[in-house]
Amino acid sequence: MSKPEFSAEDHFFMARALEQAERGRYLTSPNPSVGCVIVRDGLMIGAGHTLAAGQDHAEIQALKQCAAKGIDPAGATAYVTLEPCSHFGRTPPCADALVKAGLRRVVAACTDPFEQVAGRGLARLREAGIETSVGLLEAEAELSLRSFFSRLRRGRPWLRLKIAMSLDGKTALANGESKWITGPQARADVQRWRARSCAMLTGVGTILADDPLLTVRDFDIGRQPTRIIVDSRLRTPITAATLRQPGQILIVCGDAPVDRQQALEAAGATVLRMPGADGRVDLVALVAEMGRRSYNEITVEAGATLNGALLQAGVVDELLLYQAPILLGGAARNAADLSLAALTERISGRMLDRRQIGADTRYLLARE
């Protein structure tokens with residue numbers, strides 16, 4: 001189906017649908033965060049975003065808003081950031097709800113790659129006589145849905161590597177002291193990236209050095225991301241603070257002692273054995289396993305060893321860098337330990353966003 005011509009009004013209202021999608025960003029895991037607006041005679045009569053898994057999708061929320069206003073949406077146009085679903089999952093098909101509501105037209109930013117939808121939602125609408133078109137602000141919607149699309153298309157989550165560092169690329173002093181390189185505004189901003197993640201990933205070195213909680217704080221999203229610790233030899237103490245926090249915790253090991261596994265499982269953790277050829281954790285297999293477990297988006301907050309290993313394994317999709325206007329010197333710890341034999345092996349990224357967060361600068365780069 002060729003991409004049709006869209007009017008300025010179409011662009012305006014799809015942009016509003018994308019804004020709605022952002023409102024559900026922290027709620028929907030493992031479902032995609034989708035937005036929908038319903039428009040008639042140039043006026044937005046309903047709007048909504050996807051809620052938590054098992055609750056309303058964006059289209060249903062928008063239809064309910066029409067009903068709450070006492071407005072019949074028959075003959076209206078729906079703008080939705082992802083093709084309406086056509087299957088029975090945890091909720092009934094949204095395509096059927098739009099048909100029942102009597103909409104005249106549905107505009108989708110992009111089709112849904114999920115095999116049980118994959119064009120069937122739009123086909124269902126057309127069969128009912130509803131005019132459909134797809135491709136409006138598609139690039140923007142693809143960016144909004146990149147983690148969901150990553151899992152469906154590549155079989156693995158979107159992996160974001162977060163690093164707080166100095167101007168000279170250092171993350172801690174030689175003795176490990178790192179609190180605080182960045183300011184309070186940057187640290188608050190990090191909480192929002194944690195909140196949108198399905199899981200937080202770190203290494204045992206960070207657990208031993210900092211004893212982090214790895215939880216979302218300062219605002220309530222109704223859930224906690226799963227916490228994943230890469231720990232080849234199961235050195236995580238059973239007294240680690242993160243073990244006492246709500247939510248699921250996975251500890252991934254290589255060839256580790258069985259008695260350590262039993263102790264950590266007794267402390268509430270789930271231990272996964274995923275050894276590579278060297279007995280350490282197979283990071284590529286780990287990321288693929290997280291895809292099979294329906295994790296869309298993982299944020300990494302780790303030290304130089306794991307950061308470097310993930311980058312060289314080729315599983316990092318995005319770099320989230322907070323750079324403080326300070327220098328820590330050559331003896332301080334690096335952001336990532338990399339073993340590069342030639343300049344052609346360098347890690348590079350494409351700038352997606354750059355902005356000031358308090359005194360610090362935040363960079364968001366897509367791994368190239």
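**Sheet, cores and buried strand of the predicted model**

Helix α4, spanning residues 120-127, lies across β4 and β5 and runs at about 155 degrees to β5. The model described here is predicted. The strands β4 and β5 belong to an open sheet of five strands, arranged in the order β2-β1-β3-β4-β5 with mixed pairing. The edges of this sheet are occupied by β2 (43-49) and β5 (131-134); each has a single partner strand, so one side of each is left without a neighbour in the sheet. From one strand to the next, the twist averages 15 degrees.

Strand β4 (residues 105-108) and β5 run parallel and are joined by four bridges. Within this pairing, valine 134 of β5 is the bridge partner of alanine 108. A further helix, α1 (residues 8-23), lies across β1 (35-40), β2, β3 (77-80) and β4, and its direction makes an angle of about 145 degrees with β1.

The largest nonpolar core comprises 40 residues, of which Met14, Ile38, Tyr79 and Val106 touch the most other members. When neighbours within four places in sequence are set aside, methionine 14 is in contact with Tyr79, Val80, Thr81, Val107, Ala108, Ala109, Leu136 and Leu137. Another core lies apart from the largest one; it has 33 residues, and Leu161, Val230, Ala335 and Ala336 are among them. In soluble globular proteins, nonpolar side chains tend to be buried together.

Attention now turns to strand β6. This strand covers residues 158-165, and eight of its eight residues are buried. Trp158, Arg160, Lys162 and Ala164 point one way from β6, while Leu159, Leu161, Ile163 and Met165 point the other way; burial extends to all of these residues. Strand β6 runs parallel to strand β12 (residues 297-300), to which four bridges join it. Arginine 160 has threonine 299 as its bridge partner in β12. Strand β13 (residues 318-323) also runs parallel to β6, and the two are joined by six bridges. In this case leucine 161 is matched with leucine 319 of β13 as its bridge partner. Leu161 is also one of the residues of the 33-residue core.

Helix α6 occupies residues 146-154, and its buried residues are Arg146, Ser147, Phe148, Phe149, Ser150 and Arg151. These buried residues pack against α5 (138-144), β6, α10 (283-292), β12, β13 and β16 (360-367). Just after α6, glycine 155 adopts a positive phi of about 75 degrees.

Strand β16 contains arginine 367. With a relative accessible area of 24%, arginine 367 is classed as partly exposed, because this value falls between the 20% limit for buried residues and the 50% limit for exposed ones. Residues up to four places away in sequence not being counted, arginine 367 touches Leu311, Gly314, Val316, Asp317, Glu318, Ile347, Ser348 and Gly349. Of these contacts, valine 316 is 51 residues from arginine 367 in sequence, yet the C-alpha atoms of the two residues are 6.8 Å apart in space. For leucine 311, the backbone oxygen lies 3.3 Å from a polar atom of the arginine 367 side chain.

Definitions and conventions. Residues are numbered from 1 along each chain as its sequence is written. This is a predicted model: local features need pLDDT of at least 70, side-chain atom pairs count only at pLDDT 80 or more; totals for chains, interfaces and linings use all residues. Side-chain values use heavy atoms; hydrogens and water are left out. A nonpolar core is a set of buried Ala, Val, Leu, Ile, Met, Phe, Trp, Tyr and Cys residues joined through side-chain atoms within 4.5 Å. Buried means under 20% relative accessible area, exposed over 50%, partly exposed in between (1.4 Å probe, protein chains only). Contact means heavy atoms within 4.5 Å. Two strands pair if DSSP finds at least two bridges between them. A polar contact is a pair of N or O atoms within 3.5 Å; within protein, one must be able to donate a hydrogen and the other to accept it, and residues adjacent in sequence count only if both atoms are side-chain atoms. Axes are lines fitted to C-alpha atoms, for helices over the stretch in contact, and angles run from 0 to 180 degrees between N-to-C directions.
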